[in-house]
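Here are my notes on the structure, for you to read beside the coordinates. Please check each point against the view.

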Amino acid sequence: MRASPPMTTSGEEVDYALRVSDLGKSYVKADGTGFRLHQVTMDLPMGYIMGLIGPNGAGKSTLIRLLLNMIRRDNGEISILGRDPLSQEEEVKADLGVVFDSIYFLETWKVKAVEPVMAPMYPSWNSDRYQDYLHRFGLQENRRIGKLSRGMQMKLMLAVALSHDARLLILDEPTSGLDVLSRDELMDILLDYIGDGRHSVLFSTHITADLERVADFVTYINRGSIFYTGPKDELLEAFQVVRGGPDDLARAQMPHLMGLQRSAIGFEALVPTEHVKDFLASASPAAVELSEGRYLVERADFDNIIRLTAGSPAAADKNKEVES
Amino acid sequence: MRAIAKQIRLDMQRCSGGTGGYWPGVLLLIAAPLAGVVLKGVLVVTGHNQDGNIDLVSGLVTGFCVAGAAAMQIQLFIEFSSSATRLNGIVPISRDHQVLGRYSAVMLLVLAQCCSFAIYLRIAGGQPWKGSDPWQAATLFTLAIFVLEMLLFALAAPIFYWLEPVKALRALLVLFALIALVGIVLAWLPMDWEPS
């Protein structure tokens, strides 16, 4: 939420925490169906939080695994903190903090085993800070990791990620399974973390309310392609949700909408803000004024955008190339 | 080199079952031969050191060593079948260094196990080939165990990297069965394996 200038650390000036261009990856999933991440391009400037959103199976986790070199990319470029994660993997990962949706330590380990394992990995490991986080999160060192709740496991990963001064935090669904208080606490930590302008956060989530609170940028992936990447507010301002009765949607209005969901009681359409007037004018009979009461027009939120574009004809057109 | 050392340390800690230390895993692997030495001492002191008892102790020690080698492969299954394998994608160690480090760690562990086994053979006198030079027999036997364990690991590790954990475990069990089959076939061959 801060507009900080690029900062210098260790004499190294970094404008972007993350730059991805034309990234591609194809593979066959366990169920035998194919998946293709196609021409993904996005930039995350230093000092900001970017949310990664999209329906299940859209490619969010694949993108994160590509960023972490956990799978090989087919094509495209990735730059993390100004470095190539392929040729400078160790330097890049020393500056990365990662939180997954499930714990990446063996569940038979005790909490106290984590620091002796992770501390030697990072030159900038701060033991005092780590102990502070354990205390703050209420993590008892003698507990087995497998016995911790999902929320506590997430906090353990977060404590590790925050204790070696990681310049970029990558979080894959960190808030899934957390109650509202824990989610709020996490969001406060993230806001605090980027406060000095020399840290950034990329996090994927299904809980878009979290994004609306903390994200500066949003990248929306749908069916393996980028639907939108840029400032969060621009995406929210770019669409309106129009609701109407079952007989209030005319064929002439269809070209003006990006997504549509029909039900017995009416329809819900996602319309680009600049097309709302045309959409209304194309109605039969034309509805020039919203006050007529035939249509209810509201600002779209992330959930509306995802729900209405995930399976929409317009979104499908956008992704046709990917599917073919 | 530093990255490889980090990976060796990480794998030693993994083998040590989450204590955070490096040595419990090593101690576990060398425990059987050392326990064999102690047991032999007890047999000698109590006057029960007949051939049958010594052979029994040797059998137990060898069995535990084989089980240790198998456990090392099973450890791979445990790691790859859980989300814990993602730790490999996070730590600042490149993939090449991870592979080199892992093989080095296993080599060190197996070497420690083989050395303790050689000590057992020499001290406890459980001689693998009767009538041969004791030093030569102990050296050859432990060398054979070392090569066998390393080969087994060299085959098992890529299987777990390439296949899903359950399929990899099945492939590993087939591999074990094949090794046993080769042993049975060799035992049936009309050859004198005892050195003259």
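The points below take chain B as a whole, then its parts, then one strand of chain A.

1. Status. This is a predicted model. Please read every point with that in mind.

2. Make-up of chain B. The chain holds 6 helices and 0 strands. Its elements run α-α-α-α-α-α from the N terminus. The C-alpha trace spans about 55 × 40 × 25 Å along its principal axes.

3. Burial and contacts in chain B. Of its 196 residues, 39% count as buried. Contacts were also sorted by sequence separation. Among those between residues at least 6 apart, 71% join residues at least 24 apart. The chain exposes about 10600 Å², and carbon and sulfur atoms supply 74% of that area.

4. Helix 1 of chain B: length. This helix covers residues 2-15, 14 residues in total. From first C-alpha to last it reaches 20 Å, close to the 20 Å expected at 1.5 Å a residue.

5. Helix 1 of chain B: cover. Is this helix mostly covered or mostly uncovered? It is mostly covered, with 10 of its 14 residues buried. The buried set includes B:Ala3, B:Ile4, B:Ile8, B:Leu10 and B:Met12. B:Lys6, B:Asp11 and B:Arg14 are also among the buried residues. Which elements help to cover them? From chain B, the cover includes helix 2 (23-45), helix 3 (51-80) and helix 4 (95-124). Chain A contributes too, with helix 2 (89-94) and helix 3 (114-118).

6. A nonpolar surface patch on chain B. B:Val174, B:Leu178, B:Leu181, B:Val182, B:Val185, B:Leu186, B:Leu189 and B:Met191 form it. Together they have about 700 Å² of accessible area. B:Met191 lies in the segment after helix 6 (165-188) of chain B.

7. Strand 9 of chain A: burial. The strand spans residues 200-204, and 5 of the 5 are buried, so the rest of the structure largely encloses it. In a regular strand the side chains alternate between the two faces of the sheet. Here A:Ser200, A:Leu202 and A:Ser204 point one way, while A:Val201 and A:Phe203 point the other way. Residues on both sides are buried.

8. Strand 9 of chain A: partners. Strand 5 (residues 49-53) of chain A pairs with strand 9 in the parallel sense, over 4 bridges. In that pairing A:Ile49 stands opposite A:Val201. Strand 8 (residues 168-172) of chain A also runs parallel to strand 9, joined by 5 bridges. There A:Asp172 stands opposite A:Ser204.

Methods:
Residues numbered from 1 in each chain as written. Chains lettered and ligands numbered in written order. Predicted model: local features only at pLDDT ≥ 70, side-chain atom pairs only at ≥ 80, totals over all residues. Heavy atoms only, no water. Helix = DSSP H or I, 4+ residues; strand = E, 2+ residues; numbered from the N terminus. Expected span 1.5 Å × (residues − 1). Buried < 20%, exposed > 50% of the residue type's maximum accessible area, 1.4 Å probe, protein only. Contact = heavy atoms within 4.5 Å. Patch = residues over 30% accessible without salt bridge, like charges linked within 9 Å, V, L, I, M, F, W, Y side chains within 5 Å. Areas by Shrake-Rupley, 256 points an atom, 1.4 Å probe, with all protein chains shown as cover. Salt bridge = Lys/Arg side-chain N within 4 Å of Asp/Glu carboxyl O. Pairing = 2+ DSSP bridges.
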